[in-house]
Amino acid sequence: MKEKLFNSNSLIKYQRYSRNLVALYFITLTLLSATSIWVSVEAIYWGVVGLLLIALLRVLVFAHEFRKAGLFRFSLLSYLLGVVILSTVALKYWIL
Amino acid sequence: MEVLLYLSCGLSAGLLGGYLGLGGGIVMVPFLTVLAGVDFKAAVPVSATAIVVNSLSSSNEYVKKGMADMELVILLSVFMVMGNITGSNLSQVVPADFSRILFTVLLIYTAFSFLKGRKPTEKLSFEDHRTRYFMVCTVIAFITGVLAGLLGVGGGVILVPTLYLIVGLPLTTARGTSALMIGFSAAASATVYFLNNQVNLQIVAPVIAGIVVGGKIGGRFGTVAKPLVVKVLFFIVMLYLAFRLSSESIMRLF
């Protein structure tokens, strides 16, 4: 099975660290606002920016792992996915 | 009090979404609109942003146990996102009532087929039919994307049954693959909403805090879930979605 060549350890690590970071950041913000401590909207804003970047950068983790596994077509396909997502955003935001 | 409500919204969406390999939008949007009184137009962008987190959180549990097909994730995601763009553009041309009723019929049929657990007539295997396997998968992903874009629903509820019934993937692999995939399409939608300043930042923070925890727990339980429980839950979710989609259109017809 070719898929066994894909080493998912990097993806697991990347997702685990990102999840922990997101959890820590947003749980802290929620606790602060629940205890009536003023929370800047900018803090949430940059949190969401970071979150979206984490999600989009996941494509690069896939591309890297496929390349390492020798699955070059899938590596290219991962980059294509990144291009498609960014084009979708550009199309919907700037054109439509 | 409101914060607790948003937190529990994220938590419940994460639990169900993670368990079934869905994004959780099917829980979040009704929860926010009906229970929390949030406007529908504000609930959808919050839901899309939270789905990105749910994918990160729940899919890891499936990936750890080898229950996600990485090649399929990338291949299907490309075509699903493309289908999504096509679908959302088509929605401006195709009458909404027509597509909703058509999709309702399809959902009800799929719900019953899924519950029966009908085996695919010909199970496609990667080794024997590599080209055909990928062709079928890309067509399915594109159609799923078109339907999701046309109706404004997440792809997971369509994708998991199709991967199971048509492609012949095991139920856990179908859910794991879907859990990873939905993150990509949700990221695209969430970015657009965010750039248009449509994401309510006061609501999104507690929802994310809830879904990141719920998704992890849901994903963990999802990897050891009994197929019958998953099928029954999916059956309920699909019938519920069918009801939600068609109720307004049917009321308008009569």
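Here is a walk through this predicted model, going from its nonpolar core to its buried polar residues and then to its empty spaces.

Let's start with the core. The largest nonpolar core holds 109 residues, and the members that touch the most others are Phe26(A), Ile44(A), Phe62(A), Met70(B) and Phe234(B). Helix 8 of chain B makes the largest contribution to this core, with 11 residues. As background, nonpolar side chains in soluble globular proteins tend to be buried together.

Phe62(A) is a handy place to stand and look around. Once neighbours within four places in sequence are set aside, Phe62(A) is in contact with Phe6(A), Leu11(A) and Ser78(A) from its own chain, and with Met70(B), Val73(B), Ile74(B), Leu180(B) and Phe184(B) from chain B. Met70(B) is itself on the list of core residues that touch the most other members.

From there, hop over to Ser77(B), which sits in helix 4 of chain B. Its relative accessibility is 2%, and because buried means under 20%, Ser77(B) counts as buried. So what does its side chain reach for? A polar atom of the Ser77(B) side chain lies 2.5 Å from the backbone oxygen of Val73(B). Beyond four places in sequence, Ser77(B) is in contact with Leu81(A), Leu72(B), Met181(B) and Phe184(B). Phe184(B) is a name you've already met, as one of the contacts of Phe62(A).

Next up is helix 6 of chain B, which spans residues 130–151 and carries Thr138(B). Thr138(B) has a relative accessible area of 12%, so this residue is buried too. Its side chain comes within 2.7 Å of the backbone oxygen of Met135(B). Leaving out residues up to four places away in sequence, Thr138(B) touches Leu75(B), Leu76(B) and Phe79(B).

Cys137(B) is also in helix 6 of chain B, and at 1% relative accessibility it is buried. Which residues does Cys137(B) contact, leaving aside neighbours within four places in sequence? They are Leu72(B), Leu75(B), Leu76(B) and Val167(B). The pairing with Leu76(B) is worth a look in the viewer: the two residues are 61 apart along the chain, yet their C-alpha atoms are separated by 6.7 Å. Leu76(B) is touched by Thr138(B) as well.

Now for the empty spaces. A search of the whole structure turns up 1 cavity of 30 Å³ or more, and its volume is about 50 Å³. Chain A lends Thr88(A) and Lys92(A) to the lining, while Val81(B), Asn84(B), Ile85(B), Ser185(B), Ala188(B) and Ser189(B) come from chain B. The elements that give two or more residues to this lining are helix 3 (72–95) of chain A, plus helix 4 (70–90) and helix 8 (171–195) of chain B. By residue type, the lining divides into 3 nonpolar, 4 polar and 1 charged.

The second largest pocket is our last stop, with about 380 Å³ of space. Its lining takes in 20 residues, and those nearest its centre are Leu106(B), Thr110(B), Ile158(B), Thr162(B) and Ile166(B). Helix 5 (96–116), helix 6 and helix 7 (156–167) of chain B each supply at least two lining residues. What kinds of residue line this second largest pocket? The lining divides into 15 nonpolar, 4 polar and 1 charged.

How values were computed
Residues are numbered from 1 along each chain as its sequence is written. Chains are lettered from A and ligands numbered from 1 in the order in which they are written. This is a predicted model: local features need pLDDT of at least 70, side-chain atom pairs count only at pLDDT 80 or more; totals for chains, interfaces and linings use all residues. Side-chain values use heavy atoms; hydrogens and water are left out. On a 1 Å grid over the protein atoms alone, a cavity is a set of points where a 1.4 Å probe fits but cannot get out, and a pocket is an open set with protein on both sides within 12 Å along at least five of seven lines; lining residues have an atom within 4 Å of a point. Grid points are joined across faces, edges and corners, and a volume is the space filled by probe spheres set on the points. Helices (H or I, at least four residues) and strands (E, at least two) are DSSP runs, numbered from the N terminus. Ala, Val, Leu, Ile, Met, Phe, Trp, Tyr, Cys and Pro count as nonpolar, Asp, Glu, Lys and Arg as charged, and the others, Gly among them, as polar. A nonpolar core is a set of buried Ala, Val, Leu, Ile, Met, Phe, Trp, Tyr and Cys residues joined through side-chain atoms within 4.5 Å. Buried means under 20% relative accessible area, exposed over 50%, partly exposed in between (1.4 Å probe, protein chains only). Contact means heavy atoms within 4.5 Å. A polar contact is a pair of N or O atoms within 3.5 Å; within protein, one must be able to donate a hydrogen and the other to accept it, and residues adjacent in sequence count only if both atoms are side-chain atoms.
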